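Student: I would like a close look at the salt bridges in this structure, and at how exposed the side chains that form them are. Could you take me through them with the cut-offs stated?

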Amino acid sequence: MSTFTGGALKLKGGLKPTGIKKKKKKCSTTTELVAVDGAAGKELAGGKEGEGASAPLAVEDRRTAAEKAANAHALKYEEARIRKAAAKSHRERIAEMNEKLANLTEHHDIFRISYTA
């Protein structure tokens, strides 16, 4: 017969107290990027008291030359695509699409689209 005595289910890893939660560590990069005001700001700016505002922290561009060229190329073609799309009105686009659909064979037969309804 069975000698089951009952009780709570015991899982691997032991019993964890439910009221205690781990504290998250603060990110150290946020403290480095914060601009410092007052006397400490003058020390970081080179100790010159004549300067009212220190130069803003420059963000270092870590992209390679190929990445920069690829981004410039993508921006160029995106601008061209936007200019091309903005050159036509909605009515012209519908007329062009209907003309394209009319030239297709019956196998690709799709009803023509009207801009009036």
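Tutor: A salt bridge is taken here as a side-chain nitrogen of Lys or Arg lying within 4 Å of a carboxyl oxygen of Asp or Glu. The model is a predicted one, in which local features need pLDDT of at least 70 and side-chain atom pairs count only at pLDDT 80 or more, while totals for chains, interfaces and linings use all residues. Residues are numbered from 1 along each chain as its sequence is written, and side-chain values use heavy atoms, with hydrogens and water left out.

With that criterion, a search of the whole structure returns four salt bridges. One of them links Arg83 to Glu79, with the closest N and O atoms 3.7 Å apart. Both residues belong to helix α3, which spans residues 65–87, and because they stand four residues apart in this helix, about one helical turn separates them. Helices here are DSSP runs of H or I with at least four residues, strands are runs of E with at least two, and both are numbered from the N terminus. For exposure, buried means under 20% relative accessible area, exposed means over 50%, and partly exposed lies in between, using a 1.4 Å probe and protein chains only. On this scale Arg83 is exposed at 56%, whereas its partner Glu79 is partly exposed at 44%.

A further salt bridge joins the side chains of Lys88 and Glu96, with an N to O distance of 2.3 Å. Lys88 has a relative accessible area of 31% and is partly exposed, and Glu96, at 42%, is likewise partly exposed. Elsewhere, salt bridges that share partners connect Asp61, Arg63 and Lys68 into one network. Within this network, Asp61 pairs with Arg63, their closest N and O atoms being 3.1 Å apart. Asp61 is partly exposed, with a relative accessible area of 40%, and Arg63 falls into the partly exposed class at 37%.

As for the setting of these contacts, the chain has four helices and zero strands, so that, with helices and strands assigned from DSSP runs, its elements read α-α-α-α from the N terminus on. Of its 117 residues, 3% count as buried. The accessible surface of the chain, calculated by the Shrake-Rupley method with a 1.4 Å probe and, for residues, with only the protein chains shown counting as cover, comes to about 12,200 Å², and 58% of this surface belongs to carbon and sulfur atoms.
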